Amino acid sequence: MNSFHSSDFPLISIGIPVYNAQSTLAATIESALAQDYTNFEILLSDNASIDGSIEICREYARRDSRIKFFEQSENIGAGANFVFVLNQANGEYFKWLASDDIISINSLSLSVANLQENRRNTSCS
């Protein structure tokens with residue numbers, strides 16, 4: 001992750017590792033896109049899914065420039081896929097979402113406020 005923040009980089013990176021999540025993935029992405037705080041990027045990494053997950057990722061990446069899609073050519077394992085999205089992050093802050101998570105519309109704005117008001121905090125949910 002970058003150790004600085006500028007207008008060229010999002011403040012928050014949201015990492016979503018994906019594997020065979022066709023039934024839940026669109027709702028997860030939609031909940032991230034619906035945030036009232038908008039200075040973020042979404043990093044999708046499909047781990048060689050065999051359902052329709054790849055097509056869902058591609059379609060969302062086409063629709064929104066904040067979404068970056070990475071397609072693993074073979075399954076690298078769940079843990080490595082989580083680390084992969086973290087390593088792609090450009091934001092000062094990072095949030096993982098599982099491919100079946102739904103977050104409230106103010107999740108990012110509350111997290112940013114908490115982290116910026118309490119600089120000693122190193123994480124929040």
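These legends walk through several close-up views of the structure above.

The model is predicted, so local features need pLDDT of at least 70 and side-chain atom pairs count only at pLDDT 80 or more, while totals for chains, interfaces and linings use all residues. Residues are numbered from 1 along each chain as its sequence is written, and side-chain values use heavy atoms, with hydrogens and water left out.

**View 1. The whole chain, before zooming in.**
The protein chain has four helices and four strands (DSSP runs, H or I with at least four residues for helices and E with at least two for strands, numbered from the N terminus). Going along the sequence, you read β-α-β-α-β-α-β-α. There are 125 residues, and 40% of them count as buried (under 20% relative accessible area; exposed is over 50% and partly exposed is in between, with a 1.4 Å probe and protein chains only). Take the contacts with a separation of 6 or more: 78% of them come from residues 24 or more positions apart. Contact here means heavy atoms within 4.5 Å.

**View 2. Helix 1 alongside helix 2.**
Two packed helices are described by the angle between their axes and the distance between the axes. Here, helix 1 (residues 25-33) and helix 2 (residues 53-63) have axes that come within 10 Å and cross at roughly 25°. That angle makes helix 1 roughly parallel to helix 2. For the wording, angles under 35 degrees are roughly parallel, over 145 roughly antiparallel, 65 to 115 roughly perpendicular, and the rest oblique. The axes themselves are lines fitted to C-alpha atoms, for helices over the stretch in contact, and the angles run from 0 to 180 degrees between N-to-C directions. The crossing of helix 1 past helix 2 is right-handed, meaning that the near helix is turned clockwise from the far one by less than a right angle (anticlockwise would be left-handed).

**View 3. The side chains between those two helices.**
Helix 1 brings Leu 25, Ala 26, Ile 29, Glu 30 and Leu 33 to the contact, and helix 2 brings Ser 53, Ile 56, Cys 57, Tyr 60 and Arg 63. Sorted by class, the contact of helix 1 with helix 2 holds seven nonpolar, one polar and two charged residues. In this sorting Ala, Val, Leu, Ile, Met, Phe, Trp, Tyr, Cys and Pro are nonpolar, Asp, Glu, Lys and Arg are charged, and the others, Gly among them, are polar.

**View 4. The two sides of helix 2.**
Ser 53, Ile 54, Ile 56, Cys 57 and Tyr 60 are the buried residues to look for in helix 2. They cover an arc of only 160° around the axis, so they sit on the same side of helix 2; the arc is taken from the directions from the helix axis to the C-beta atoms. Strand 1, helix 1, strand 2 and strand 3 are among the elements covering these buried residues. On the face of helix 2 turned away from its buried side you'll find Arg 62 and Arg 63, both exposed.

**View 5. The two sides of helix 4.**
In helix 4 (residues 107-117), the buried residues are Ser 107, Leu 108, Ser 111, Val 112 and Leu 115. Their arc around the axis is only 120°, which puts them on the same side of helix 4. The cover over them includes strand 1 (12-18), strand 2 (40-46) and strand 4 (93-96). Flip to the face turned away from the buried side of helix 4, and there are the exposed residues Leu 110 and Glu 117.

**View 6. Three serines, close up.**
Ser 107, in helix 4, is buried at 11% relative accessibility. Setting aside neighbours within four places in sequence, Ser 107 is in contact with Gln 35 and Lys 95. Ser 99 lies in the loop between strand 4 and helix 4 and is also buried, at 13%. With neighbours within four places again left out, the contacts of Ser 99 are Ile 16, Pro 17, Val 18, Ala 21, Thr 24, Leu 25 and Thr 28. Ser 65 is in the loop between helix 2 and strand 3 (67-71), and counts as exposed at 71% relative accessibility. The C-alpha atoms of Ser 65 and Ile 42 are 9.3 Å apart, with the two positions 23 residues apart along the chain.

**View 7. Positive phi at Asn 20 and Ala 48.**
Asn 20 isn't a glycine, yet has a positive phi of about 45°. Look for Asn 20 in the loop between strand 1 and helix 1, where it is partly exposed at 30% relative accessibility. Ala 48, not a glycine either, has a positive phi of about 60°. Ala 48 belongs to the loop between strand 2 and helix 2 and counts as partly exposed at 23% relative accessibility.
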